[in-house]
Amino acid sequence: MAYGHQGTYIDLTDELNGDELNWKAKKEHFTLYAVFVGKTGQKVKRAAPGGKGFTLDHYSNKAFENYVKPFDEVLPPFENRIRAIFNDSYEVYGSNFTPEFFEKFEEYRGYDLKKHLPELFSPVSTELGNRVKGDYRETLSDLLLNDFNKPWTDWANDYGFKTKLQAHGSPGNLIDLYASADIPECETFGSMPFDIPGLRRKAENIRNGDADPVMLKFSSSAGHIAGRPLISSESFTWLRDHFKTALSQTKPEAEELLLNGVNHMFFHGTTYSPKRAAWPGWKFYASVNMSPNNTIWEDAPEMFSYLANAQRILQAGKPDNEALVYWPIYDVYNSQLKNKLFFQFKIHSLEEWLHGTSFYEISTDLMSKGYGVDFISDAFITEANVKNGELQLPGGNFKALVVPEAKYIPLETLKKLLQLKKEGANIIFKALPKSVPGFKNFRSKEKELVYLLKSNQIKPQQNIDEALQKVNVMPESFVNTGLKYIRRELNGEKLYFLVNHTAEKVDEFIPIQHPTNQVTLFDALRNTKGKAQIQQEGKVTKVWVQLEPGESIFLKTGVENDIEDWLYVEEEAKGFELTGTWKVDFLRGGPKLPASAAMETLNSWTNLGTDAENFSGTASYELEFDSPKSNVNLWKLDLGEVRESAKVWLNGEYVGSSWSIPHHLILKNLKEKNNTLRIEVTNLPANRIRAKENRGEEWKIFYEINMVNKDYAAFDATKWEVTPSGLVNPVKLIPLKKK
């Protein structure tokens with residue numbers, strides 16, 4: 001293409017002779033642009049057998065249909081036998097074109113992009129250039145959605161399979177892309193900070209995490225508004241450095257996912273490892289190794305039980321967020337973006353497209369005040385209807401929709417919002433949009449937009465909180481205690497999941513926005529339930545909740561028969577330290593079992609000698625003691641800091657396990673004399689791998705190991721300090737009485 005300095009445009013494609021252009025400009029200076037179709041050079045990462053080669057063209061339905069031909073030859077016998085087909089996060093870099101792009105662009109945007117390449121490729125931020133760039137980016141999004149994602153789901157569904165999609169990283173509208181799959185899937189990467197006392201997060205072991213609640217809600221919102229019952233997650237990616245993740249460190253990270261709409265967790269990851277493979281077996285480079293080769297597997301079933309209990313409840317009923325927040329993606333599309341023409345919405349670059357925006361600030365503010373919110377795109381606004389003053393979407397009803405400050409909003413979107421408002425929906429504008437996105441006819445569309453806003457007398461609402469409450473969208477004010485929550489609706493009743501990630505205990509009546517005659521409490525960790533004490537105040541019910549830092553609880557409103565009262569307790573005294581001689585025996589693990597030992601004062605078993613220092617596995621601690629003098633029948637067993645998980649027996653009877661903070665268990669039936677306490681403690685595999693490397697033993701024996709550390713530098717465990725293990729401080733008995 002030749003662009004004259006006086007505005008002339010000439011398509012020179014037909015002038016090509018092979019790869020050579022013989023053309024001479026006349027009378028006018030021209031700038032030539034050439035667009036090529038080629039490969040990015042990127043190949044499939046860690047391909048399965050037969051899967052090596054260049055990455056797929058995700059903007060071409062022809063490429064997709066060609067890609068699935070070999071699958072169509074082998075899949076028919078597997079109809080309805082494979083559960084789901086998975087598409088990992090969009091990591092196709094530099095894929096900014098497709099052979100039919102110009103034709104598709106004109107079909108979607110209504111004009112010939114070839115005439116506007118100078119604006120498209122301009123390194124200077126101009127209004128016309130940014131509008132053309134916005135149209136280009138939106139077209140990539142449309143192609144990814146309509147020529148790949150939706151056909152992929154249709155293709156899988158034809159075989160009776162579901163699709164599971166991680167849309168983040170895509171160069172397009174994440175809400176629509178997530179919603180195009182049967183199961184939207186989000187991802188966490190790294191370690192997030194929590195205020196829970198005793199939750200270790202040492203800088204040398206972690207990567208700072210990307211689990212921003214707003215980012216997580218893109219996937220769950222897509223599922224909620226589209227009517228997808230399951231929201232999954234790739235969990236625990238690089239949670240800690242290799243061999244250094246404790247089960248206690250997974251719990252708050254998992255809860256953060258559950259609180260933001262995930263109800264179908266997947267670990268990242270579990271690697272097949274044959275029995276013939278020497279310890280630690282085969283491994284994936286970015287994962288917490290959830291396999292029997294990892295010592296944490298000893299008590300992992302208890303974690304699985306907790307998550308299974310939680311997800312069983314969070315898959316019941318339907319989401320109960322009442323407010324929608326519109327995502328003004330065109331403010332991103334129609335901007336210079338530091339001259340990044342091809343732009344991906346990645347979880348690792350939130351500062352480029354999410355942080356600091358009105359959308360982000362409004363969403364985080366509403367969530368922090370206790371509102372349940374989901375996000376909505378232009379496409380789903382188009383699908384919305386109104387009934388009884390509520391917005392109806394495929395996934396459910398909402399009481400209000402908040403439009404943040406947005407410079408650009410499509411004219412069609414504004415018209416639909418105004419129509420919904422006329423039909424009785426509560427549409428709240430934080431500010432009035434200034435213009436429409438895109439290039440074609442934008443001047444006339446802009447005038448119509450301004451006219452519609454003025455003629456419909458749309459008034460901005462500076463106080464979104466106040467505006468929501470006026471239309472009966474009420475926040476859950478108990479978040480002022482520091483508790484986090486998610487709420488669902490089941491047959492007209494409410495399900496709440498409450499989590500205490502603060503440093504302080506919550507022990508008080510908290511108000512919930514639902515009138516009820518009964519509330520049932522369920523502890524998913526201990527698998528216990530009971531009838532809560534409540535106080536009724538009009539439309540609000542106050543529920544007595546006791547949660548230590550790190551604990552969680554489910555609340556369910558509605559009458560449930562044949563249920564005992566919930567046990568509320570308070571500590572009667574500071575507690576009694578268990579003293580005497582602890583017998584320590586090493587039971588399972590390696591590289592070899594250390595000799596038995598005795599401890600008068602509990603401290604890390606790594607102090608018992610070289611064998612114990614290098615040992616990773618399970619040891620038992622046994623102590624005989626007399627019951628402290630007290631009139632109580634209930635005792636809290638405070639294990640203090642456990643490195644890393646424990647099982648407890650009292651007088652030969654199994655009491656339970658403690659794999660998460662706080663390391664507390666309830667004891668009953670203490671004998672006056674000669675009680676026997678047995679505690680089996682399992683540590684991390686870190687010391688064993690450290691010793692292995694110090695001995696110069698090679699253990700990275702698997703295919704495409706890519707065994708780097710959490711900073712993607714060379715893995716070297718010889719630099720590690722010894723990791724404390726076992727019971728490392730006094731064990732206490734604290735008398736309890738019913739409250």
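Here are three short exercises, with worked solutions, on a predicted model.

**Exercise 1. Two helices**

Work out how helix 7 and helix 12 are oriented to each other, and which residues make their contact.

*Solution.* Start with the axes: those of helix 7 (residues 213–226) and helix 12 (residues 358–368) come within 10 Å and cross at roughly 90°. Angles of 65 to 115 degrees count as roughly perpendicular, and therefore helix 7 and helix 12 are roughly perpendicular to each other. Next, list the contact: helix 7 brings Pro213, Val214, Lys217 and Phe218, while helix 12 brings Phe359, Tyr360, Ser363, Thr364 and Met367. Finally, sort these residues by type, which gives six nonpolar, two polar and one charged.

**Exercise 2. A sheet of three strands**

Find the strand order of the open sheet and its edge strands, then locate the bridge partner of glutamine 392.

*Solution.* The order is 14-15-16, with antiparallel pairing. Strand 14 (385–387) and strand 16 (396–398) each pair on one side only, and these are the edge strands. With direction ignored, neighbouring strands of the sheet are turned by 40° against each other on average. Now look at strand 15 (residues 390–393): three bridges join it to strand 16. For glutamine 392, the bridge partner is asparagine 397 in strand 16.

**Exercise 3. A pocket and its lining**

Describe the second largest pocket by its volume and its lining.

*Solution.* Begin with the volume, about 1500 Å³. The lining has 49 residues, and nearest the pocket's centre lie Arg526, Thr528, Leu567, Leu665 and Ile666. Strand 35 (residues 653–658) supplies the largest share of the lining, six residues. By type, the lining divides into 20 nonpolar, 12 polar and 17 charged residues.

How values were computed. Residues are numbered from 1 along each chain as its sequence is written. This is a predicted model: local features need pLDDT of at least 70, side-chain atom pairs count only at pLDDT 80 or more; totals for chains, interfaces and linings use all residues. Side-chain values use heavy atoms; hydrogens and water are left out. Axes are lines fitted to C-alpha atoms, for helices over the stretch in contact, and angles run from 0 to 180 degrees between N-to-C directions. Helices (H or I, at least four residues) and strands (E, at least two) are DSSP runs, numbered from the N terminus. Angles under 35 degrees count as roughly parallel, over 145 as roughly antiparallel, 65 to 115 as roughly perpendicular and the rest as oblique. Contact means heavy atoms within 4.5 Å. Ala, Val, Leu, Ile, Met, Phe, Trp, Tyr, Cys and Pro count as nonpolar, Asp, Glu, Lys and Arg as charged, and the others, Gly among them, as polar. Two strands pair if DSSP finds at least two bridges between them. On a 1 Å grid over the protein atoms alone, a cavity is a set of points where a 1.4 Å probe fits but cannot get out, and a pocket is an open set with protein on both sides within 12 Å along at least five of seven lines; lining residues have an atom within 4 Å of a point. Grid points are joined across faces, edges and corners, and a volume is the space filled by probe spheres set on the points.
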